[in-house]
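Thank you for making time for this. I would like to take you through one structure, going from its sheets to its helices and ending with a single residue.

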Amino acid sequence: MERIKLQQLNDHIFSMDDAGEAVGYLVVGEKKALVIDTMNGYEDVKAVARSVTDLPLMVVNTHGHCDHIYGNIYFEEAYLHPLDMELARQHSGFDGFVKRMKERGLCMPPFRPIAHGDVIDLGGLTLEVVHLPGHTQGSILLLLREDRVLFTGDAINTHLWMQLEDSSSLPDFLQALDKVMYLKEQADYILHGHYGQFLPISLMERLREGVSELCRGETGDDQDYQFFGGPARQHLYDGGKALIVYPKK
């Protein structure tokens with residue numbers, strides 16, 4: 001099954017678009033390579049990475065949701081923030097996924113903890129882990145210092161889900177965002193988990209303003225939003241080009 005579309009973005013960053021449903025990344029250094037998120041697990045992500053590099057592979061999940069961790073089954077281990085360990089365990093126990101693993105004779109490998117401030121050295125390339133609770137409590141960002149690129153998973157994107165049970169409150173998320181706004185000075189581009197192309201780092205400021213509008217109660221033009229968990233609300237910002245989904249009271 002060929003679902004993953006591999007695209008080279010610069011000399012050592014590749015996007016892996018899984019049928020338009022989720023996007024992972026491969027960063028290739030001089031000594032090892034890093035897989036950032038493994039998507040839905042239908043296709044062998046390790047084999048895709050091996051089509052690019054023979055270097056040792058490390059896997060980091062930006063958070064514990066199923067569409068970012070299921071491809072872990074092709075690896076020996078993966079790193080995840082401890083606050084999302086239980087969430088990942090729950091998602092790994094979904095019936096359809098368990099059935100698929102049994103049919104293939106595969107299993108979920110162990111998660112290893114990764115924490116704010118950890119630095120991943122790939123040889124000539126270094127990535128710093130930045131904790132940003134919001135979309136989930138254990139969501140992380142990865143700052144690729146040499147390229148001034150910030151990998152954000154689902155924590156910062158243009159269609160942000162904040163309505164989930166494991167999401168932070170909007171005021172708490174705003175406070176967490178304020179703590180990481182220094183990254184605007186350290187990165188020029190964002191690569192997130194559902195759009196495999198570079199976006200300007202100014203998305204951080206625009207998202208912050210959208211969250212601020214919600215915290216100030218500026219919701220008069222907001223519309224209903226339906227997702228698999230039921231009804232929610234959506235708030236458009238940045239001239240209607242981006243949205244935040246939040247709980248319906």
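What follows is a walk through the strands, the helix packing and one loop residue.

Before anything else, please keep in mind that this is a predicted model, and that every value I quote has been computed from it.

Let me begin at the start of the chain, where strand β1, residues 4-8, is joined to strand β2, residues 13-18, by 5 bridges, the two strands running antiparallel. Together β1 and β2 make a hairpin that has 4 residues between the strands, and if you want a point to fix your view on, Lys5 stands opposite Asp17 in β2.

Now to the first sheet I want to discuss, which is an open one of 6 strands with mixed pairing, and whose order reads β8-β9-β10-β11-β13-β14. Its edge strands are β8 and β14, the latter covering 195-200, and each of them pairs on one side only. From one strand to the next, the twist averages 25°.

Starting from the β8 edge, strand β8, residues 119-121, pairs with β9 in the antiparallel sense over 3 bridges, and within that pairing Ile120 stands opposite Leu127 in β9. These two strands also form a hairpin, with 4 residues between them, and in its turn Gly123 has a positive phi of about 90°. On the other side, β9 is joined to strand β10, residues 140-144, by 5 bridges, again with the strands running antiparallel, and here Leu127 stands opposite Leu144 in β10. Leu127 of β9 is thus set against Ile120 and against Leu144.

How many of the residues of β9 are buried? The strand, residues 126-131, has 6 of its 6 residues buried. As a general point, the side chains of a regular strand alternate between the two faces of the sheet. In β9, Thr126, Glu128 and Val130 lie on one side, Leu127, Val129 and His131 lie on the other, and all of these are buried, so that both faces of the strand are covered.

Moving along the sheet, β11 and β13 are joined by 4 bridges and run parallel, with Leu150 standing opposite Ile190 in β13. Strand β13, residues 189-192, then pairs with β14 in the antiparallel sense over 3 bridges, and the two form a hairpin with 2 residues between them. Within this pair, the bridge partner of His192 is Tyr195 in β14, while that of Tyr189 is Pro200.

The second sheet is also open, has 4 strands in the order β12-β17-β16-β15, and its pairing is mixed. Its edge strands are β12, at 159-161, and β15, at 223-227, each pairing on one side only, and the twist from one strand to the next averages 35°. Strand β15 is joined to strand β16, residues 230-237, by 5 bridges in an antiparallel arrangement, with Gln226 opposite Pro231 in β16. Helix α6 packs on this sheet, touching β12, β16 and β17, which spans 242-247, and its direction makes about 120° with that of β16.

That helix also appears in connection with the first sheet: α6 lies across β11, at 149-153, as well as β13 and β14, and runs at about 90° to β14.

Let me turn to the contact of α6 with another helix. Two packed helices are described by the angle between their axes and the distance between the axes. In this case the axes of α5, residues 170-180, and α6, residues 203-215, come within 9 Å and cross at roughly 150°. That angle makes α5 roughly antiparallel to α6, and the crossing is left-handed. On the α5 side the contact includes Leu170, Phe173, Leu174 and Leu177, and these are among the residues that meet a set in α6 including Met204, Leu207, Val211 and Leu214. Taken as a whole, the residues of this contact divide into 11 nonpolar, 1 polar and 2 charged.

Finally, a single residue, Asn40, which is found in the loop between β4, at 33-36, and α1, at 45-50. Is Asn40 buried or exposed? Its relative accessible area is 9%, so Asn40 is buried. Leaving aside neighbours within four places in sequence, Asn40 is in contact with Arg3, Asp18, Glu21, Ala22, Asp67, Tyr70, Gly71 and Arg100.

Note on methods:
Residues are numbered from 1 along each chain as its sequence is written. This is a predicted model: local features need pLDDT of at least 70, side-chain atom pairs count only at pLDDT 80 or more; totals for chains, interfaces and linings use all residues. Side-chain values use heavy atoms; hydrogens and water are left out. Axes are lines fitted to C-alpha atoms, for helices over the stretch in contact, and angles run from 0 to 180 degrees between N-to-C directions. Angles under 35 degrees count as roughly parallel, over 145 as roughly antiparallel, 65 to 115 as roughly perpendicular and the rest as oblique. A crossing is left-handed if the near helix is turned anticlockwise from the far one by less than a right angle, and right-handed if clockwise. Contact means heavy atoms within 4.5 Å. Ala, Val, Leu, Ile, Met, Phe, Trp, Tyr, Cys and Pro count as nonpolar, Asp, Glu, Lys and Arg as charged, and the others, Gly among them, as polar. Two strands pair if DSSP finds at least two bridges between them. Buried means under 20% relative accessible area, exposed over 50%, partly exposed in between (1.4 Å probe, protein chains only).
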